[in-house]
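Colleague: I have just opened this structure and would love some help reading it. Could you take me through it feature by feature?

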Amino acid sequence: MNLSYRYRLYPDEFQREFLNRLIFSYNQFYNASLNLIQNKGKELYESGTKHNDIFKTLYTDLCNAMRNREDIVYKTELIQEALRDAFRVLFSLIKQKKPFNLHFKNSSRFTGSFPKRQTMKFSKKISLFGIRDIDVKVHRSLPSGYRIMGYRIVRELDRYFLVVNLANDADDKEMPTLPATQDVIGMDINSGNLTFSNGLKIDFIKSVYPELEKKRLKHQKSLSAKRKGSRNRKKAQKLLFKASRKIKNRRKDELHKRALGVLKAVTEKVIAVEDLNLKEMTNRKQGNKTLRKNLLHQGHRTFLDLLSYKATLFDRFVIRVNPAYTSQTCSCCGSLRKAPLSMREYHCENCNMTLDRDVNAALNIKRLGLSLCSPSLSSES
Ligand SMILES: [Zn+2]
């Protein structure tokens with residue numbers, strides 16, 4: 001599994017200037033790499049030259065081209081990273097037989113990797129690329145059991161971040177071995193709340209923040225009124241970016257809190273949820289596709305990803321089940337009936353059961369989750 005942890009950096013004025021120069025240089029290296037790959041690299045590739053040899057050749061070319069430029073910081077580690085990043089992008093295009101669509105960078109980030117033996121240690125300060133003692137806010141320590149794969153420096157307007165990429169040996173493609181346990185709870189997720197198979201309900205976040213949205217909209221309007229290329233437009237862009245960032249951060253923060261809240265509120269080892277990817281596909285088939293819904297699903301998906309990740313930290317699991325008919329099936333006798341969304345209660349005419357609609361769905365999700373955990377148990381229901 002891959003993870004990334006993000007830490008805010010607080011560079012002083014001198015460090016800030018140097019970081020800016022590094023970011024600029026990285027972009028120059030990256031763009032030059034794209035050019036080289038497009039011309040010479042592609043030719044070499046098509047003539048059957050090995051990947052490694054292409055890299056070596058291009059690396060030499062790149063160094064020669066960059067060595068005497070005075071506007072950049074000449075760092076071989078940075079050149080290697082840029083070339084590697086460009087390789088990764090373009091060769092994945094070649095593999096998928098897609099055309100070379102070059103996206104030249106003018107971004108505000110650069111990537112780097114730590115030498116293999118160096119473990120990253122930082123408490124309050126970190127040294128990067130020869131810049132010593134940059135203040136860093138360590139709001140959480142790196143997780144154990146993960147290796148550091150590399151890092152990225154990201155600049156967002158006036159803020160700087162260190163993003164550490166981590167990996168452990170667990171294979172993404174393999175389903176984790178699920179425990180043979182009866183300790184399963186089902187969770188139904190809809191726009192308003194989370195409902196559990198034991199009847200518990202937790203408020204889910206509202207995806208909009210009216211006061212913040214209003215502010216953002218105001219900046220958006222003001223931006224569109226500014227003349228292109230003007231200084232005022234740049235100012236307005238900054239304000240808009242800040243307003244959007246505030247909303248994004250608020251949302252992310254809330255999702256983290258909610259995910260942790262769920263893990264505290266229920267004690268079961270396995271939490272079964274609907275597979276939203278499958279759900280979206282059925283919705284699309286039914287023509288039930290609106291922008292608002294998609295945005296909502298996006299939020300739900302991020303939330304479930306966070307929940308899955310946090311669960312593993314506590315040695316628990318989130319499993320995803322097929323969402324088909326979870327809201328139409330009677331959790332008691334298994335008979336099917338159409339239930340319009342407006343009906344808050346599920347009533348079964350077959351066995352005469354009446355139950356809260358979401359609880360009924362959560363019970364069905366639990367049953368499906370149980371059948372995934374331990375096949376022998378599913379025959380009971
Ligand atoms: Zn029934």
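## Reading the fold together

Modeller: Gladly. Keep in mind that this is a predicted model. The chain has 8 helices and 13 strands.

Colleague: What share of the 381 residues counts as buried?

Modeller: Buried residues make up 23% of the 381 in the chain. Contacts tell us something else: of those between residues at least 6 apart in sequence, 67% join residues at least 24 apart.

Colleague: Let me turn to the strands. In what order do the 5 strands of the open sheet lie?

Modeller: Here is the general idea: strands of a sheet pair through backbone hydrogen bonds, and the pairing is either parallel or antiparallel. In this open sheet of 5 strands the order is β9-β8-β7-β10-β11, and the pairing is mixed. At the edges are β9 (201-203) and β11 (317-321), each of which pairs on one side only. From one strand to the next, the twist averages 25°.

Colleague: Which helix packs on the sheet?

Modeller: That is α8, residues 357-373, which touches β7 (184-189), β8, β10 (270-274) and β11. The direction of α8 makes about 135° with that of β7.

Colleague: And how do I follow the pairing residue by residue?

Modeller: Look for bridge partners. β7 and β8 run antiparallel and are joined by 3 bridges; across this pair, Ile-189 stands opposite Leu-194 of β8. Leu-194 also has a bridge partner in β9, namely Ile-202. Strand β8 (residues 193-196) pairs with β9 in the antiparallel sense, over 3 bridges, and there Asn-193 is partnered by Asp-203.

Colleague: How many residues lie between the strands in the hairpin of β8 and β9?

Modeller: There are 4 residues between them, and Gly-199 in this hairpin takes a positive phi near 100°.

Colleague: What about positive phi in residues other than glycine?

Modeller: In general, most residues other than glycine have a negative phi. Here you can visit two that are positive. Leu-157, not a glycine, has a positive phi of about 55°, and its place is in the loop between β5 (147-156) and β6 (159-167). Asn-352 has a positive phi near 60° and lies in the loop between β12 (345-347) and β13 (354-356).

Colleague: Are those two buried or exposed?

Modeller: Leu-157 counts as exposed because it has 11 C-beta neighbours inside 10 Å. Asn-352 is exposed too, with 9 other C-beta atoms within 10 Å.

Colleague: Now the interior. Which residues have the most contacts inside the largest nonpolar core?

Modeller: They are Met-187, Ala-272, Val-273 and Ile-365, in a core of 29 residues. Two or more residues come from each of β7, β8, α5 (231-265), β10, α7 (291-313), β11 and α8, and α8 gives the most, with 8 residues. Apart from this core lies another, of 28 residues, including Ala-82, Leu-83, Leu-90 and Tyr-160.

Colleague: Could I pick one core residue and look around it?

Modeller: Try Ala-272. Leaving aside its neighbours within four places in sequence, Ala-272 has contacts that include Val-184, Met-187, Ile-319, Ile-365 and Leu-368.

Colleague: Leu-372 caught my eye as well. Where does Leu-372 lie?

Modeller: Leu-372 lies in helix α8. With 18 C-beta neighbours inside 10 Å, Leu-372 counts as partly exposed. Its C-alpha atom is 8.4 Å from that of Ile-319, although the two residues are 53 apart along the chain.

Colleague: How should I read the helices themselves?

Modeller: An α-helix has 3.6 residues a turn, so residues three or four places apart point the same way. In α5, Leu-240, Leu-255, Ala-259 and Val-262 are buried. You can also check a helix's length: at 1.5 Å a residue, the 35 residues of α5 should span 51 Å, and its end C-alpha atoms are 51 Å apart, so the two agree.

Colleague: Where does α1 bend?

Modeller: The bend is at Ile-37, by about 45°. The 34 residues of α1 (residues 13-46) should span 50 Å at 1.5 Å a residue, and the end C-alpha atoms are 47 Å apart, which agrees. Just after α1, Gly-48 takes a positive phi of about 90°.

How values were computed. Residues numbered from 1 in each chain as written. Predicted model: local features only at pLDDT ≥ 70, side-chain atom pairs only at ≥ 80, totals over all residues. Pairing = 2+ DSSP bridges. Axes fitted to C-alpha atoms, helices over the stretch in contact; angles between N-to-C directions. Contact = placed C-beta atoms within 7 Å. Core = buried A, V, L, I, M, F, W, Y, C linked by C-beta atoms within 7 Å. Buried ≥ 20, exposed ≤ 12 C-beta atoms within 10 Å, placed from the backbone. Expected span 1.5 Å × (residues − 1). Bend = angle between axes of the 7 residues up to and from the residue.
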